[in-house]
Amino acid sequence: MTDADLLHLLRDCYTPTGPNIVAAGLVRSATLTPDLDAPGANVPGVPPRFIAAITLHAVGAGNATDDPANAQLTAQVENRLLGLPSISRVQINLLPALFPIL
């Protein structure tokens with residue numbers, strides 16, 4: 001799995017208004033790092049597992065716990081990525097919204 005694969009997977013996550021988060025320009029970075037603490041990480045023959053670090057812009061004005069749209073977006077990203085056997089953990093850094101509603 002590569003960073004490009006990770007970005008492609010994020011195309012399955014959508015904003016509340018419809019476009020996917022990659023097409024909407026919300027994803028600032030998406031990187032993978034080997035998870036050396038994952039179960040079986042040091043066992044020969046066990047496929048590697050990764051930590052997915054995602055930085056994206058919020059879709060709502062509040063933070064992830066205050067705004068339901070942001071909470072839904074972060075849960076959607078986590079659920080999409082944690083469903084893959086090669087991803088062991090997801091770290092999401094939520095930036096302020098690009099165009100906050102005043």
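This briefing covers the sheet, the nonpolar core and the salt bridges of the structure above. The model is predicted. Its open sheet has 3 strands, and its largest nonpolar core has 20 residues. A search of the whole structure finds 2 salt bridges.

**Sheet and helix α2**

- The strands of the open sheet follow the order β1-β2-β3, and their pairing is mixed.
- β1 and β3 are the edge strands, each with a single partner, so one side of each has no neighbour in the sheet.
- On average, neighbouring strands of this sheet are turned by 15° against each other, direction ignored.
- Between β2 and β3 the pairing is parallel and runs over 8 bridges.
- Ala-52 has Val-90 in β3 as its bridge partner.
- Helix α2 lies across β2 and β3 and runs at about 155° to β3.

**Nonpolar core**

- Within the largest nonpolar core of 20 residues, those with the most contacts are Leu-10, Ile-21, Ala-52, Ile-54, Val-77, Leu-81 and Ile-87.
- Two or more residues of this core come from each of α1, β1, β2, α2 and β3.
- The element that gives the most to the core is β2, with 4 residues.
- Ala-52 thus appears under two topics: it is among the core residues with the most contacts, and it is bridged to Val-90 in β3.
- With neighbours within four places in sequence left aside, Ile-21 is in contact with Leu-10, Cys-13, Tyr-14, Thr-15, Leu-26, Val-27, Leu-56, Leu-73 and Val-77.
- Leu-10 and Val-77, both in that contact list, are also among the core residues with the most contacts.

**Salt bridge Arg-80 to Asp-12**

- Arg-80 and Asp-12 form a salt bridge, with 2.9 Å between the closest N and O atoms.
- Arg-80 belongs to helix α2 (residues 68-82) and Asp-12 to the loop between α1 (3-9) and β1 (27-34), so the pair ties together parts 68 residues apart in sequence.
- Arg-80 is partly exposed, at a relative accessible area of 27%.
- Asp-12 is also partly exposed, with a relative accessibility of 43%.

**Salt bridge Arg-89 to Asp-35**

- Arg-89 and Asp-35 form a salt bridge, with the closest N and O atoms 3.4 Å apart.
- Because Arg-89 lies in strand β3 (residues 87-95) and Asp-35 in the loop between β1 and β2 (50-57), this pair ties together parts that are 54 residues apart in sequence.
- Arg-89 is partly exposed at 38% relative accessibility, whereas Asp-35 is buried, with a relative accessible area of 6%.

Conventions. Residues are numbered from 1 along each chain as its sequence is written. This is a predicted model: local features need pLDDT of at least 70, side-chain atom pairs count only at pLDDT 80 or more; totals for chains, interfaces and linings use all residues. Side-chain values use heavy atoms; hydrogens and water are left out. A salt bridge is a side-chain nitrogen of Lys or Arg within 4 Å of a carboxyl oxygen of Asp or Glu. Buried means under 20% relative accessible area, exposed over 50%, partly exposed in between (1.4 Å probe, protein chains only). A nonpolar core is a set of buried Ala, Val, Leu, Ile, Met, Phe, Trp, Tyr and Cys residues joined through side-chain atoms within 4.5 Å. Contact means heavy atoms within 4.5 Å. Two strands pair if DSSP finds at least two bridges between them. Axes are lines fitted to C-alpha atoms, for helices over the stretch in contact, and angles run from 0 to 180 degrees between N-to-C directions.
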